[in-house]
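Biologist: Hi, got a moment to go through this one with me? I'd like to start with the cysteines and then move on.

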Amino acid sequence: LRSCSPGRASRTNASRRACLVARFGDIYAQERLDAETLLRTYISDTEMVQRIIYIAAVESFQAAKMAYRQFKIRVRETLSLGHSGPESLEDTVMDYIVRHEDLYDVQASVNEVIRSMNINPKISFPPEIDFIVISTLIRELCRVAFSMQTLVPPLDIAFGTDGELFSETKYHRSFDSDFTAALVAYHVWPALMENDIVIVKGEAVTKR
């Protein structure tokens, strides 16, 4: 029998959270800029490039959260067959997922994100090119989003819409914004949230 001490997932929650928040910042600073540079070789419109990257981030979180839910259901069904305390089944499931995150089929999520982006009416791409060119960014976002679901509480990104009132607590304005404008023209990067509280600001463009 295992001891009654907290499981691996709860013991490592704080350190994993710190690493994942830092990784989210690194993706913004590195992979996002790499993807932007790559897209600019195909698309001259800066707004379209930034919209593509923002939508890639949103779709990556959606795909990873869906994959996590399905993964957790399969793990729970398997472990419930032979489960006997002292940890609760839920704790045992979380411990298993944290230990075996490498079993997450990230490529399936990447494919799902690209499929969703291909039918998104807000973005367009030269027909000879595929969104797969930014698959490195998408893969890293899916990985970090999946891992964020194993935290208690889980982390998620803020829901943003064009034309919403700009929030100083949620976003930084992009350098090319109209700093007197009250409304968001479009989003560059999502804000990171924990229990509806912003823990990392996103980036938005405001224009009149």
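**Cysteines, core and confidence**

Modeller: Sure! This is a predicted model, and in it cysteine 19 is exposed, with a relative accessible area of 55%.

Biologist: And cysteine 142, buried or exposed?

Modeller: Cysteine 142 is buried, at a relative accessible area of 0%.

Biologist: How many disulfides does the structure hold?

Modeller: There are 0 disulfides.

Biologist: Why is there no bond for cysteine 19?

Modeller: Because the closest cysteine sulfur, that of cysteine 142, lies 20 Å from its own, which is too far for a bond. A disulfide would need the two sulfur atoms within 2.5 Å.

Biologist: Okay, new topic. Which residues have the most contacts inside the largest nonpolar core?

Modeller: Ile52, Met117 and Ile138, in a core of 49 residues. Several elements supply at least two residues each, including helix H2 (13–29), helix H7 (135–148) and strand S1 (155–157). H4 gives the most, with 15 residues. Apart from this core there is another, of 7 residues, with Val184 and Met193 among them.

Biologist: What is isoleucine 138 in contact with, leaving aside neighbours within four places in sequence?

Modeller: Its contacts there are Ala56, Ser60, Val110, Val113, Ile114, Met117 and Phe131.

Biologist: Nice. Which elements have the lowest and the highest mean pLDDT?

Modeller: Helix H1 (residues 8–11) has the lowest, 73, and H7 the highest, 98. For the chain, the mean pLDDT is 90, with 93% of residues at 70 or more.

Biologist: Where does pLDDT stay under 50?

Modeller: Over residues 1–5, for which the model has 10 contacts beyond four places in sequence.

Methods
Residues are numbered from 1 along each chain as its sequence is written. This is a predicted model: local features need pLDDT of at least 70, side-chain atom pairs count only at pLDDT 80 or more; totals for chains, interfaces and linings use all residues. Side-chain values use heavy atoms; hydrogens and water are left out. A nonpolar core is a set of buried Ala, Val, Leu, Ile, Met, Phe, Trp, Tyr and Cys residues joined through side-chain atoms within 4.5 Å. Buried means under 20% relative accessible area, exposed over 50%, partly exposed in between (1.4 Å probe, protein chains only). Helices (H or I, at least four residues) and strands (E, at least two) are DSSP runs, numbered from the N terminus. Contact means heavy atoms within 4.5 Å. pLDDT is the predictor's confidence in each residue, from 0 to 100.
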